[in-house]
Amino acid sequence: MHFLFPEFFLLAVPIGFVYWRWGRAAGPTGILRVVILLLLLTALAGPELNLGGQGIDVVVIADRSRSMPEGADANIRELVENLSEAKGVGDRLGVVTVGSTAAIEHVLTEADVPTGYTQEVLRDGSDLNAGIDAALEMIDPQAERRRPARILIFSDGEANGPPPVAAARRARELGIPIDYRQFPVLRDGDVAVETLALPETVAPREPFQFSAWVFADRDSRGTVELYRDDQMISSRPQDFPAGTTRLLFRDLLDGGGLYRYDVKLITQGTDPLPQNNVGTGVVRVDAGRRVLVLNGDGGADNLTRALQSGKIDFDVRPAAQHPLTLDSLDQYRAVVLENVPASDFGRLKMQRLVRFVEELGGGLLVTGGQRSFGMGGYFNSPLDETLPVSMELRDEQRNTRVAIAVALDRSGSMAAPVKGGKTKMDLANIGTAECVRLLSSGDSFAVIAVDSAPHVVQPLTDVDNTDAITDRIRRIESSGGGIFVYEALVAAGNELMKAEQATKHIILFSDAQDSEEPGDYQNLLAKYASAGITVSVIGLGSPRDVDAKLLEDIAKRGNGNVMFTTDPQELPRLFSEDTMAVARSSFVEKNPETQPDGIPGAILSDARLMGEISAGGFPNVDGYNLCYLRPDATAAVISQDEYFAPWSAFWYRGIGRAAAITLEVDGEYAGGFTNWDSYEDFLITHARWLLGGDDPEEFFLTVDREGQEAVVRLELDPERVDARAFETPTLNAVVPGVEREQTLEIPFTWQGAHTLEARFALTKTGTYHSIVKFGPRKFIRGPVVTLPYSPEHAPRPLQQSGDRVLREVAATTGGTARIDALEVFRDPPRAAGMYPLAIWLVSMGIGLLLLEIAGRRLSLWSKLAAAEKTAKSPASLRSWLPKLQTRRRKAEQSGRAAAPRESPAAPQPSSPQPPAETAPAKEDVFLQAKNRAKRRLKD
């Protein structure tokens, strides 16, 4: 029980005096008056019945955005730890983290709350509105017996999402106050680049002008520097009066593609927010459709000469040196990978190539050779699923059976987390499991986990039950310490000595910065070489790491491969690459005895779906990469050997196109292909199919940035497009980021008879690429838009300051600023789980008051007293006495009837009896009762 206003009980003293002096009454009336006064007095005190149990629920909203001052994150973690320790009996604590989105970090619990963060939020934003909504959902407003609750915000208050006061109103309706502790950000003296306005598209060598808008909250002076693609092209001193200043620039560009411009401000004195001193924008130079050729050395060859003869514009670059960013690929419609290994790119570059094809509508061609497809490590790579051919290992390709032993580093460094919620150890386990799946019955496999000693996880066994083996592998965990290399090699060799297979191979996985105790590995590897055991090394790190030379020497002496990667997510691909190299050769070479002229091939009739390629014979080649046609892909050329493998295949992938030529187009295995009369036409046809058609000209597309939002407008040519029959298109916005992000799909809305509009939020810094889709195969590339710096650092007018936002939220909900955050547990609010009793007490009081009035007005109490007296009067006794006598006679008669009859007894001599007492007359009984009643009345 809880009283909202217990001070009203002090009124009992004056009310009692007034009642005793003027309202006192005897009998039932007095009793009712006392009860009515007690009920009304208790109702005034506001009694509530607690249905939510003991304790209070507190949900902390922790702001993790970039605008938070330095050190705020550590302070918030400490505050959460202190709150967790300060909980009382029944108290619960929960945590919500906020950036551009909100995430529930810890649900409400009475247990200790960890101080670390496990949920990932985008830090380029502060959506306090979403944070409050998440906290309210955690409190569960639908529960009938909800506990008292408060929300506590740790933030600078500089929200840039929907206004948080909207969620605050919902909290007010639920009776949940929102308190706050502000972490203020110093903005006095800030100078910032608000906008850099560039034209969307220009032609080569077309002069253009652009502007930068600079905001200063007070008069300042400094220097303005202009950069194009990270190269300074101008610098000048500049005054910045308080308010907004416009700066003008001019430039001229020769080549095609995207060019990035940066305007940097160098101010005199201290700038509290140097992050917003840079403005960034891009301009596109439209130089027509081009092809990017990536080969080993960046030089011209037969492929580039074929493109040149077809008057197809192209650039040729070394594969390992090209950045392959979406911005650098913007000027190209197609990319050709000419016999280059996957290691030249790495996972992230291949991932961007996939986005270029599937999300931006580009074309991709991969050509064959001994450094491409399965031989080049593309199996299990990001490009694997994009290509129209598959590279898996099949039994028909197996020339020999193998025994493989994997020695895995499970030292302490392997416990480090990576993106996606996994650890380095998890990814190494996945890679090892992929090795098992590439093998089949007849092969053998063993796994040794190594730290300071080897631990045989899977003794050498036949690969019959892959699920059982992979299940053991996935349970390997990091145990601390380092990896003892010599012990790992000895344990792996001991397992392979049991193998019956001719091919025996060790895969050593080790940290390139922590490979210890190599011992006499030179003599050990010499013994292994004589026994036919090879050793490959997968090093987690780079060739510049301290133990990289040791690992390279082990692979060299072991006659195996050495592969380094700093990206743990590359490990599954590297394990697969080495296993495939050992288990089979995926490159098919001609048999000099049975195929002296090379391997024959044939052009299929479906080749015409690509272009002008006539069905019929195809020149013989000396080798090709063995692959398999994927479902839904189309084969243009196939081999005429026992595999009937695709030599040319193509398909649509996403909104783009991908093709594969599994032949070496320029090299020792090309055979008669390079001398074929239709060689150039064959390659030109592939290139033109990848380039696709021209963009439609009946549309005009623009994009503008309005704060943290991009606005894309599509205008239809009324002379070419019937708006009534026009199907509403969709805007695809490709989000920037190191890792692949989910593409935004935004439907257009009609703004006029021939105008449509789409909007999307710019949640991350960088360049956003846009595509307008009109159907499965029809699209146009839209302009790009850039967010130069985090919206957290954007200039803010006074009315949007963080202090004002937090005070408004607190005032709306009845919350307060908390200097001492621990006080929140000692200040429970009125909860929806408290059931008010005042209405019931007042109702009872009114009912009793009506009864009291009726008792006086209708003389109920007198009538009840008279009825009681009548029940006790002699007349009443006389009326009841005959009834009692009749009942007694009936009882006596029934008793005599039930008694058993006795046999006649002998007559007994009579004896003298005493005289019977004479019963008093009935009148005497009534007279006595009457006299007693008179005496009571007199009393």
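**A buried arginine and a six-stranded sheet**

Modeller: In this predicted model, R64 is buried yet has no salt bridge, and E105, the nearest side chain of opposite charge, is 4.3 Å away.

Colleague: What makes you say that R64 has no salt bridge?

Modeller: A salt bridge needs a side-chain nitrogen of Lys or Arg within 4 Å of a carboxyl oxygen of Asp or Glu. For R64, the nearest side chain of opposite charge is E105 at 4.3 Å, so the pair does not meet the cut-off of 4 Å.

Colleague: Where does R64 sit, then?

Modeller: R64 is in the loop between β3 (57-63) and α3 (72-86).

Colleague: And which residues does R64 touch?

Modeller: Leaving aside residues up to four places away in sequence, R64 touches T97, V98, E105, Y117, Q119, V121 and R123. E105 is thus in the contact list, because contact asks for heavy atoms within 4.5 Å, while a salt bridge asks for 4 Å.

Colleague: Good, now the sheet. What is the order of the six strands?

Modeller: The order is β25-β24-β21-β27-β29-β30, in an open sheet with mixed pairing.

Colleague: Why are β25 and β30 called edge strands?

Modeller: Each of them, β25 (454-462) and β30 (562-565), pairs on one side only.

Colleague: How do you know that β21 and β24 pair?

Modeller: Pairing takes at least two bridges. Strands β21 (residues 402-409) and β24 (residues 444-450) have seven, in the parallel sense, so they qualify as a pair. A405 stands opposite A446 in β24.

Colleague: What packs on the sheet there?

Modeller: Helix α9 (residues 466-474) does, touching β24 and β25, and its direction makes about 170 degrees with that of β25. Helix α10 (residues 485-496) lies across β21, β24, β25, β27 (503-511) and β29 (533-540), at about 155 degrees to β27.

Colleague: Why do you call β29 largely enclosed?

Modeller: Seven of the eight residues of β29 are buried, so the rest of the structure largely encloses this strand. Buried here means under 20% relative accessible area.

Colleague: Which strands does β29 pair with?

Modeller: β27 and β29 run parallel, joined by eight bridges, with S536 in β29 as the bridge partner of I507. β29 also pairs with β30 in the parallel sense, over four bridges, and I538 stands opposite M563 in β30.

Colleague: What makes a β-α-β unit with β29 and β30?

Modeller: Helix α12 (residues 548-557) does, and the unit is right-handed. It is called that because, with the strands pointing away from the viewer, the path from the first strand over the helix to the second runs clockwise.

Terms used: Residues numbered from 1 in each chain as written. Predicted model: local features only at pLDDT ≥ 70, side-chain atom pairs only at ≥ 80, totals over all residues. Heavy atoms only, no water. Helix = DSSP H or I, 4+ residues; strand = E, 2+ residues; numbered from the N terminus. Axes fitted to C-alpha atoms, helices over the stretch in contact; angles between N-to-C directions. Buried < 20%, exposed > 50% of the residue type's maximum accessible area, 1.4 Å probe, protein only. Lys, Arg positive; Asp, Glu negative; His and termini not counted.
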